Amino acid sequence: MTTYDTNTLQADCESCFGLCCVALDFAASSDFAIDKKAGQACPNLQANFRCGVHTTLRDRGFRGCTVYDCFGAGQHLSQYTSEGRDWRQFPETAQTIFGVFPIMRQLHELLWYLAEALGLPAASAIHAELQAALDETTRLTRLAPEAILQLNVAAHRAEVNILLLRTAELVRETAIRQHNLPPIRNKKIGRGADLIGANLKGADLRSANLRGAYLIAADLRQADLRWADLIGADFRDADLRGANLEGSLFLTQFQVNAAKGDATTKLPPSLARPPYWPGSSANR
């Protein structure tokens, strides 16, 4: 049986060989100042695998770099899968490792969700199934690179997703019963909802199903999102100032990094307050 401290599923760039700076591609846009192909090292990547402009990324047009989070896949792939051998010293391994990286990130993202679900008392009825899924996902992360490249990750995600959906339902049922929550009357709120630019200031979204919702540039100031299922919700430029996301389900650092918040935004204890948010003198 495997247990996970979610801190181990957060990026540790000091233990990574700059994989996100090489393996991934990006195009010149509001998030990136240049075009870069997958497998091509970013020109800002130094010989020691550190970013040469880390402290000024946003000023230089690399906002996307400050948003990205690998769920700890980078350091796992660098130190465990590659056994500490970096792709510069062993160039024959480079293309394989670069191909494995996005797959490993998906697996680590699933580990994040499963670890969170296992910590929820409301989901105790399916803890055994969640534990089995976490153990299997962990096993997959420990395969050899060539075996990882052959994985059907989409199928595995689909199996895990069934458990995560059930987890959200159990939490929702418990929250509604224990807190006597009123029904959500906004008919536009729901799974995969198009809420781009929506005015949801002060909205009571407790226990809402916002899975996969498009919340780009939505006004969520002072909104209450406790017990809301946020898996896959797009929070790019969403205004979370004063919003309460404590106890929300399946929120990730990637989503938080993409949003706009401040010192009054309430986050789950496992997530860090982005340093570029106003008033974020503390890291949590």
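**A pocket, a helix and two loop residues**

The second largest pocket of this predicted model has a volume of about 340 Å³, where a pocket is an open set of points on a 1 Å grid over the protein atoms alone, with protein on both sides within 12 Å along at least five of seven lines, and a volume is the space filled by probe spheres set on the points, which are joined across faces, edges and corners. Of the 20 residues lining this pocket, those closest to its centre are E116, L120, G247, S248 and L249, a lining residue being one with an atom within 4 Å of a point. The elements that contribute two or more residues to the lining are α3 and α6 (153–179), and α6 gives the most, with 5 residues. Sorted by class, the lining has 12 nonpolar, 7 polar and 1 charged residues; Ala, Val, Leu, Ile, Met, Phe, Trp, Tyr, Cys and Pro count as nonpolar, Asp, Glu, Lys and Arg as charged, and the others, Gly among them, as polar.

Helix α3 spans residues 94–118, and its 25 residues reach 35 Å from the first C-alpha to the last, close to the 36 Å expected at 1.5 Å a residue, a figure obtained as 1.5 Å times one less than the number of residues. Helices here are DSSP runs of H or I with at least four residues, numbered from the N terminus. A kink of about 30° lies at F101, shortly before the proline P102, the bend being the angle between axes fitted to the seven residues ending there and the seven starting there. Because 19 of its 25 residues are buried, α3 is largely enclosed by the rest of the structure; buried means under 20% relative accessible area, exposed over 50%, and partly exposed in between, with a 1.4 Å probe and protein chains only. E109, which is found in α3, is buried at a relative accessible area of 14%, and, leaving aside neighbours within four places in sequence, E109 is in contact (heavy atoms within 4.5 Å) with F71 and R157.

Two loop residues also deserve a look. E83, in the loop between α2 (73–81) and α3, has a positive phi of about 55° although it is not a glycine, and E83 is exposed, with a relative accessible area of 60%. N180, in the loop between α6 and α7 (253–258), likewise is not a glycine yet has a positive phi, of about 50°, and N180 counts as exposed at 67% relative accessibility.

Residues are numbered from 1 along each chain as its sequence is written, and side-chain values use heavy atoms, with hydrogens and water left out. In this predicted model, local features need pLDDT of at least 70 and side-chain atom pairs count only at pLDDT 80 or more, whereas totals for chains, interfaces and linings use all residues.

Note on methods:
1 Å grid on protein atoms, 1.4 Å probe; cavity = no way out; pocket = protein on both sides within 12 Å on 5 of 7 lines; lining within 4 Å.
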